[in-house]
Number of protein chains: 2
Amino acid sequence: MRKADQKYHHGDLRKALVEAGIAILGEAGPEGLTLRGAAARAGVSHAAPAYHFGSLQGLLTAIATVGFQRFHAALGRAIDAAPTRPVERLRAASRAYVGFAVENPAIIQLMFSGPRLDWSRAPLCEAADRAYAQLSEIVRPAAAHLGVTTEDRRRELELMVWSSIHGFAMLSNAGVVGRGPVAGHEAIPDLAGLLFAEWPPGRVSQK
Amino acid sequence: MRKADQKYHHGDLRKALVEAGIAILGEAGPEGLTLRGAAARAGVSHAAPAYHFGSLQGLLTAIATVGFQRFHAALGRAIDAAPTRPVERLRAASRAYVGFAVENPAIIQLMFSGPRLDWSRAPLCEAADRAYAQLSEIVRPAAAHLGVTTEDRRRELELMVWSSIHGFAMLSNAGVVGRGPVAGHEAIPDLAGLLFAEWPPGRVSQK
DNA sequence: CGGAGTATCTAGACGGTGTCAAGATGGATT
DNA sequence: AATCCATCTTGACACCGTCTAGATACTCCG
């Protein structure tokens, strides 16, 4: 009775296919990712991925799971390296969030593409929940610092923060931030400030 | 010298194909949309769409253009029906934004899918710019009401508002709002209030 | 009114895709 | 050493986007 991710003929084909898929996503974007392409890149036959993932959705789900894990790790590093002030930690997390999204546009798109993934697979849910819990823990002290007491209100604020950061990242990747009159994605640090430290924006100090 | 969208053999095949594509998007999602499927639904041969759109990207671009037009119209209706108070108008626009996204998840995903569309086509750019200008005009008086004076600051606030609304809509469609501890997308009206009217959220009146 | 020109659409083919069924392979277990 | 079963290969099928050539029918002009 052994788990599926142990060595057999190939070594660890499952992991190799996920890595190949991530590499293809980075090079060719979501449209370029293909079961056969990942198989070829891993040096196996075209039908090999079906055994490990069942379908293309299965491979996408596995890739998204790894994506959430790396996302969680990237945010964790940024938070640990930040000063202890709640706003500074939120600022660092926001920067890391957008940074991850901009550096891995195809993966983040996949992670938040909803029905394209199989959310009945536990590893995906766990990885996503862990990432969200991390964000939640960052918002909590900032909310407390702001005087938010009720739980409903705190969750609402949490969702607001998440929405703005996520939306900014998505708009950046959609090319809509940078096109036309809006600034580039370097503006992200000010978002956290706008939300928590320097409000209302009218009487804000010079950046 | 006639335009391409006049009647010939079919009537107006170009429009019929766009409509068929939108219908397929609504029924089967982005993965279900196919050039051949749209052609079959419109009752023409499998290669007919290539003449009008060149490629699948061309059809997607045409659909996204219509999407931006309908999006603009939906926001316009909501804004016109709202009270004149800046915050109320912003609230109405936010609700309409998220409502459109939730009702047309595949289309809004397509509209903001970046490189998947051909942004060198003028109609798409014009439709998108018009929609953004509309949002910008809604934020302007609210920003003025808040005491924002400098142009840079106003654009930053504008981007912030757009990001939070858009992010909320995207998270709703990703299924991440509603899963786990976060509330459903009915929370959207409070976002505008959170941003402009009832700040800081700690000392807010009972909804 | 009738032929020419051209916009529109069809028919067929090609390589590539996901998925399924059946068989080959070889490490692990007894 | 014999067996078992996880792993992977081979081959096939339907469907996809796209290209080419040709058929169709609207429009214009003489």
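Student: Which residues in helix 5 of chain B meet B:F71, B:A74, B:L75, B:A78, B:I79 and B:A81 in helix 4 of chain B?

Tutor: This is a predicted model, where local features need pLDDT of at least 70 and side-chain atom pairs count only at pLDDT 80 or more, while totals for chains, interfaces and linings use all residues. Residues are numbered from 1 along each chain as its sequence is written, and chains are lettered from A and ligands numbered from 1 in the order in which they are written. Helices are DSSP runs (H or I, at least four residues; strands are E, at least two) numbered from the N terminus, and a contact means C-beta atoms, placed from the backbone, within 7 Å. The partners of those helix 4 residues are B:R89, B:A92, B:A93, B:R95, B:A96, B:Y97 and B:F100.

Student: At what angle do helix 4 and helix 5 of chain B pack?

Tutor: Axes are lines fitted to C-alpha atoms over the stretch in contact, and angles run from 0 to 180 degrees between N-to-C directions. The two axes, for residues 56-81 and 86-103, are 8 Å apart, and the angle is about 145 degrees.

Student: Let's turn to chain A. How far apart are the end C-alpha atoms of helix 4?

Tutor: The expected span is 1.5 Å times one less than the number of residues. For the 26 residues of helix 4 of chain A that gives 38 Å, which agrees with the distance in the model, 37 Å.

Student: Which elements cover the buried residues of that helix?

Tutor: A residue is buried if 20 or more other C-beta atoms lie within 10 Å of its own, exposed if 12 or fewer, and partly exposed in between. The buried residues of helix 4 of chain A include A:I63, A:F68 and A:L75. Their cover includes helices 1, 2, 3, 5, 6 and 7 of chain A.

Student: Is A:A144 buried or partly exposed?

Tutor: A:A144 sits in helix 7 of chain A. Because A:A144 has 13 C-beta neighbours inside 10 Å, it counts as partly exposed.

Student: Which residues does A:I63 contact, leaving aside its neighbours within four places in sequence?

Tutor: A:I63 is among the residues that touch the most other members of the largest nonpolar core, which has 122 residues. Such a core is a set of buried Ala, Val, Leu, Ile, Met, Phe, Trp, Tyr and Cys residues joined through C-beta atoms within 7 Å. The contacts of A:I63 are A:V18, A:G21, A:I22, A:L25 and A:L110.

Student: What is the average pLDDT of chain A?

Tutor: pLDDT is the predictor's confidence in each residue, from 0 to 100. It stays under 50 over residues 1-7 of chain A. Where pLDDT is low, the predicted coordinates should not be read in detail. In chain A, 81% of the residues score at least 70, and the average is 84.

Methods
Two residues are in contact if their C-beta atoms, placed from the backbone, lie within 7 Å.
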